[in-house]
Amino acid sequence: FGDVQSVATFTFTEEMDDVTNPPTVDVNYPEGTLNDLTAQTLTNVNATTWSYDIPLNTSGLENIDGVIALTLNSSDLAGNEVDVITGLSALRVDNTTPVFSSFSPDTGAYINVLNTFGWTLSETIESGSVAFKQKSGPGSDTSIVLVGTELVAGIRAPNAFTGFVDPFLIDGTIYDIIYTSVDTAGNIGLDTIANVSYDTTAPI
């Protein structure tokens with residue numbers, strides 16, 4: 001999560017008391033109370049709109065995961081407190097990189113068919129791809145974009161890629177296979193299987 005801050009905007013149905021009791025917000029971060037903030041002053045945008053910049057990567061917040069909860073404290077010019085809030089009152093923070101694991105085929109494998117690609121994915125991702133980098137042999141680099149259920153968290157049983165078009169890999173070539181994953185927060189995962197040999201030639 002690379003953002004320095006995220007802006008929370010509060011829009012009221014009438015003018016708030018900005019003299020004796022200006023609006024504030026409590027910020028409760030996930031994973032303990034050490035970084036929580038209380039009675040943070042809002043910035044007055046206009047008569048009915050206020051904002052607050054939620055800190056996201058100050059010391060101690062670099063690796064948090066979970067929900068940041070906001071609690072609004074405010075009252076109108078007559079002293080009536082706001083007791084009904086509509087819209088979002090929380091912000092989800094994700095600093096965890098998605099991970100592909102438990103591969104089929106795995107490092108050093110020999111394959112002669114293209115319906116054996118399986119894995120376990122740690123979280124559902126927004127986009128992903130698989131690059132086949134030629135290490136030796138007559139083939140060249142190629143790649144495929146993951147789609148549909150290939151982007152969903154969990155175990156994917158060995159099968160062909162959805163976007164597979166033959167010819168895809170070249171006989172007699174050794175590849176490094178690099179799985180790239182990008183989650184909804186923009187965290188990028190790179191997981192590599194090394195030295196996978198594609199061999200469809202029968203021995204003589």
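## Strand pairs and a pocket: worked exercises

Strand S2 (residues 24-28) lines up with S6, the two running antiparallel with five bridges between them. Keep in mind that this is a predicted model. Let's work through it piece by piece.

**Exercise 1.** Find out which residue in S6 stands opposite Val25, and how many bridges join S6 to S7.

*Solution.* Start with the S2 and S6 pair, which is antiparallel. Look across from Val25 and you land on Leu72 in S6. Now move on to S7: S6 is joined to S7 by four bridges, and these two strands run antiparallel. For a marker here, take Gly66, which stands opposite Val93 in S7. As background, strands of a sheet pair through backbone hydrogen bonds, either parallel or antiparallel.

**Exercise 2.** Describe the largest pocket: how much space lies in it, and which elements give two or more residues to its lining?

*Solution.* First, the volume: the largest pocket holds about 520 Å³ of space. Next, the lining, which counts 26 residues; Phe10, Thr11, Leu72, Ile85 and Thr86 are the closest to the pocket's centre. Then the elements: strand S1 (5-11), strand S6 (66-73) and strand S7 (90-93) each give two or more residues to the lining. S1 has the largest share, with six residues. Last, sort the lining by class, and you get 14 nonpolar, eight polar and four charged residues. Notice that Leu72 has come up before: this residue close to the pocket's centre is also the one opposite Val25.

**Exercise 3.** Work out which strands are the edges of the open sheet S8-S10-S13.

*Solution.* Write down the order to begin with: three strands, S8-S10-S13, form an open sheet with antiparallel pairing. An edge strand pairs on one side only, and that picks out strand S8 (100-104) and strand S13 (154-159). From one strand to the next, the twist averages 15 degrees. Zoom in on S8 and strand S10 (residues 117-121): three bridges hold this antiparallel pair. Within it, Ser101 stands opposite Thr120 in S10.

**Exercise 4.** Trace the hairpin of S11 and S12 and say which residue takes a positive phi.

*Solution.* Take the strands before the turn. Strand S11 (residues 127-136) and strand S12 (residues 142-145) run antiparallel and are joined by four bridges. Pick Val130, and its bridge partner in S12 turns out to be Ile144. Now step into the stretch between the strands, which has five residues. The residue you're after is Gly137, with a positive phi near 100 degrees.

Key: Residues numbered from 1 in each chain as written. Predicted model: local features only at pLDDT ≥ 70, side-chain atom pairs only at ≥ 80, totals over all residues. Heavy atoms only, no water. Pairing = 2+ DSSP bridges. 1 Å grid on protein atoms, 1.4 Å probe; cavity = no way out; pocket = protein on both sides within 12 Å on 5 of 7 lines; lining within 4 Å. Points joined across faces, edges and corners; volume = space filled by probe spheres on them. Nonpolar A, V, L, I, M, F, W, Y, C, P; charged D, E, K, R; others polar. Axes fitted to C-alpha atoms, helices over the stretch in contact; angles between N-to-C directions.
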